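Colleague: I would be grateful for a close look at the largest pocket of this predicted model. What is its volume, and which residues and elements supply its lining?

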Amino acid sequence: RIQKISNQAIEHVEDVIWSLDENYSEAENLYFKMEDYLDDVLRAKNIPVKHTWKGLNKRARLEFIYRRNLLLIFKEAISNIIKHTKPLEVRILFTKTTERYVMKIRNSFEERITAENSTGKGIKGMRQRAESMGASIEFIEDKNSFEVLMKKKFKQK
């Protein structure tokens with residue numbers, strides 16, 4: 001248990017350092033970081049994943065606060081999939097509409113799992129991170145799916 005907690009702490013510090021590094025400020029770097037995490041967590045367990053970026057400029061520069069919070073919301077949502085369900089398929093969509101950016105992470109699953117030591121801190125943390133970026137976040141669930149839907153309006157000029 002101590003080893004697991006230590007590894008999680010190291011991974012979190014590495015994510016913060018990655019977020020601070022201006023060499024990774026382009027959106028494309030965030031995409032690759034997310035792909036690596038999907039490989040490690042979902043694809044390694046043969047869980048089908050569709051990760052789509054639609055209408056986004058992968059060369060766009062993202063501020064530290066957005067890189068960090070988007071990555072951590074993303075990772076929390078993915079880890080919750082493994083922790084709380086027996087996933088069948090995961091669909092991730094990042095898109096740009098005329099008014100906002102949208103991140104949608106949808107998990108279709110066979111059944112829910114009652115996780116030991118579940119505290120609800122994951123959802124609370126995702127809400128706080130979205131709020132710190134000025135984004136809204138919703139959690140939509142039904143019998144065999146759970147969706148994290150985050151929307152960030154464009155800044156008015």
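Modeller: The account below takes up the largest pocket and then turns to the second largest.

In this predicted model, the largest pocket encloses about 1600 Å³ of space. Its lining comprises 44 residues, and those closest to the pocket centre are Gln8, Glu76, Ser79, Asn80 and Lys83. Several elements contribute at least two lining residues each: helix H1 (2-20), helix H2 (27-41), helix H3 (64-84), helix H4 (121-132), strand E3 (100-112) and strand E5 (145-153). Of the contributors, H3 gives the most, namely 11 residues. Sorted by class, the lining of the largest pocket holds 15 nonpolar, 15 polar and 14 charged residues.

The second largest pocket may be set beside this description. Its volume is about 610 Å³, and 26 residues line it. Closest to the centre of the second largest pocket are Leu62, Tyr66, Leu70, Tyr101 and Lys152. Here H2, H3, strand E2 (85-96), E3 and E5 each provide at least two residues of the lining. The largest share comes from E5, with four residues. By class, the lining of the second largest pocket divides into 15 nonpolar, three polar and eight charged residues.

Taken together, H3 supplies at least two lining residues to the largest pocket and at least two to the second largest. H2, E3 and E5 likewise appear among the contributors to the largest pocket and to the second largest.

Methods: Residues are numbered from 1 along each chain as its sequence is written. This is a predicted model: local features need pLDDT of at least 70, side-chain atom pairs count only at pLDDT 80 or more; totals for chains, interfaces and linings use all residues. Side-chain values use heavy atoms; hydrogens and water are left out. On a 1 Å grid over the protein atoms alone, a cavity is a set of points where a 1.4 Å probe fits but cannot get out, and a pocket is an open set with protein on both sides within 12 Å along at least five of seven lines; lining residues have an atom within 4 Å of a point. Grid points are joined across faces, edges and corners, and a volume is the space filled by probe spheres set on the points. Ala, Val, Leu, Ile, Met, Phe, Trp, Tyr, Cys and Pro count as nonpolar, Asp, Glu, Lys and Arg as charged, and the others, Gly among them, as polar.
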